[in-house]
Amino acid sequence: MLNRYRRTRALVEEGGELAAEMALFVENEARRAGIDVSVLDEPREELVMVRVRETAQGCEFFLGEALMTTCRVSVGACTGLGMVLGSDRHFAQNLAVIDAAFSGGMGEGLSRTWEARLREAERGIARRRAREQARVCSTRVDFSMMEAEL
Amino acid sequence: MGYVAVRGGGRAIEESLRLLEAERLSSAADASAAAIASTLPDLVDQVMGEASLFAPRLAALALKQAQGSPDEAVFLLRAFRSTLERPYVSRVIDTAGMYVRRRISAAFKDVPGGQVLGATRDYSHRLVNFDLASEDAATRAEQARALSAHFAAAELQALRASDEALRDAEEEGRDPLSSCGRLPRALDYLRDQGLVAPAAPAGAAAPPDDATMTPLVIPASRSMRLQTLARGMTQAVEALGYAAIRGFGPAHPTVGELRSGLLEVVIDRPLGTGELADAYYAGTVSATEVESLFMADARDEGEGADAGLAFEVGYGMVFGRCESKAIAMSVLDRCLEIGDARYPTQDEEFVLYHVDGVEASGFISHLKLPHYVTFQSKLSSVRSTRAPGAEPSPPAELHSPAGSSAHGESSPPAEPHSPDLPHQEDVEGVADAATL
């Protein structure tokens, strides 16, 4: 089962469609099982301070803040948090629903159903980055010695 | 001299704002925030960096509202961020994990991973491209197709290699994205040879100060310095960095490494384990990092004796692709580490108090506002010196931070670097506010 970091990375980088599909699935499953899905904190814009470790002396400093949208949701007795940079409220809420579901009893079943899709999303990100890196790496300088002029 | 309250400007101000909006709407052409974000990414980066807020769409919207004025857009973003809560601080970012889109070194030709130019204008001819004047959607699409075809072969090869790497990673249970786009550091070679002092190990650093929460106090901590420079006005940081190289600071630096790309913003789960595996991935921010090298005397760690020459590193980092600002920041970082008060670029108060865009443009901008009373005072002073037989008198007491004697004939002139000078301005600012 993918850990929280890899799961949220796959969902955030995928762009939101997979999160919407998964959240809808969770809500339908919860309704069938009579589990309550409640929004504890409505999606809202907040800030996260970006903390960096510089390389000259190893000192930590704050580079600046980033705008993000967060949401807190409960699925049954479990609480989930959704966080995504930017201002997409639906995305944040979908992430929170998924997080709550994975934190509780539905987690194992969800994992069986969605693990393959999440791993496929990871592969998609890797392939997208590979294509981008191919372009970037084409700008790598190929030094060659010039012949001495006599 | 007393103050007289006056009114009457309210309606004029309202009409002025209407006129501003009318002028904005008078043009048939319009640019959406999305169009600004995609067509002017460098300007958006500059605004985000100076606002100290990574929010590309919002920065583009602020630029639209500000009609292209970066100062105004930065002010809008700073004002907006002050309305939001900030409950989270990211996990500490190690820039070795940057997803690199560009990495160069001016110090070494053969750096590990190579010199990767990325998308840059560094080697372009600075000639206006008049073809852009007649560019339309069809020509853009055609050019995009041609460029895609140009890169297609390299992409196909990379995809094959990526698929193999993915299979290997899955078989070995590794994170398939952990090494994608990573490059080793150019300066590790010098660190390995002891020519550059190693950075303190992770976790050994003191908690950073925060310029958004605590006022700048001189002497400033290193974290406060770096944050203040990172959010400094781009042109101010570049101008002071240039001055430092021209003779008002240490000698010409060498850019050991400049890297630009994406950094992951990861947030620990509240009351969680504190491990990466339990944390939330929120997205990425684009940033540029610079390590500049300066020659300096090395000191033996034990006895403090002269140990020959070595290199010191100046550090710069900014949001986005503001490379010149990042390089200038690395120069100023080194200047402020040296701290030789003979040079203004090494004077913390001079550099850090004056690079902030909102502070600088705000103070300069306030000079446009009514100063009727203070100017009447100055006018009286000037007129009094023109009266037959009159002795020159000092300006009005209103401008004196410590009573009239501060500007009296017997007072010694202020030293060029006197710390009192900025305070004198502050008092005038307060007086101006009182006048208003």
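A:Arg53 sits opposite B:Asp94, which belongs to strand S3 of chain B. That pairing is part of a parallel arrangement in this predicted model: strand S1 (residues 37-53) of chain A and strand S3 (residues 93-94) of chain B are joined by 2 bridges.

Now for the rest of the interface. Chain B puts 88 residues into the contact, and chain A puts in 57 residues. B:Leu177, B:Tyr280 and B:Tyr281 stand out here, as they supply 11% of the area that chain B buries against chain A, more than any other three residues. Interface size is often quoted as the accessible area lost when the parts come together. Here the two chains bury about 7000 Å² between them, and 61% of that is on carbon and sulfur atoms.

What about the charged and polar side of things? The rule picks out 10 salt bridges across the interface of chain B and chain A. One salt bridge is between the side chains of B:Arg81 and A:Glu65, at 2.8 Å from N to O. Counting residue pairs in polar contact, with both at pLDDT 80 or more, gives 38 between the chains. Looking at who provides the surface, helix H6 (residues 137-172) gives the most to chain B's side of the contact with chain A, namely 10 residues.

Sorted by class, the side of chain B that touches chain A looks like this:

| Class on chain B's side | Count |
|---|---|
| Nonpolar | 50 residues |
| Polar | 15 residues |
| Charged | 23 residues |

Technical notes: Residues are numbered from 1 along each chain as its sequence is written. Chains are lettered from A and ligands numbered from 1 in the order in which they are written. This is a predicted model: local features need pLDDT of at least 70, side-chain atom pairs count only at pLDDT 80 or more; totals for chains, interfaces and linings use all residues. Side-chain values use heavy atoms; hydrogens and water are left out. Contact means heavy atoms within 4.5 Å. Buried area is the accessible area (1.4 Å probe) that two parts lose on being put together, summed over both. A salt bridge is a side-chain nitrogen of Lys or Arg within 4 Å of a carboxyl oxygen of Asp or Glu. A polar contact is a pair of N or O atoms within 3.5 Å; within protein, one must be able to donate a hydrogen and the other to accept it, and residues adjacent in sequence count only if both atoms are side-chain atoms. Helices (H or I, at least four residues) and strands (E, at least two) are DSSP runs, numbered from the N terminus. Ala, Val, Leu, Ile, Met, Phe, Trp, Tyr, Cys and Pro count as nonpolar, Asp, Glu, Lys and Arg as charged, and the others, Gly among them, as polar. Two strands pair if DSSP finds at least two bridges between them.
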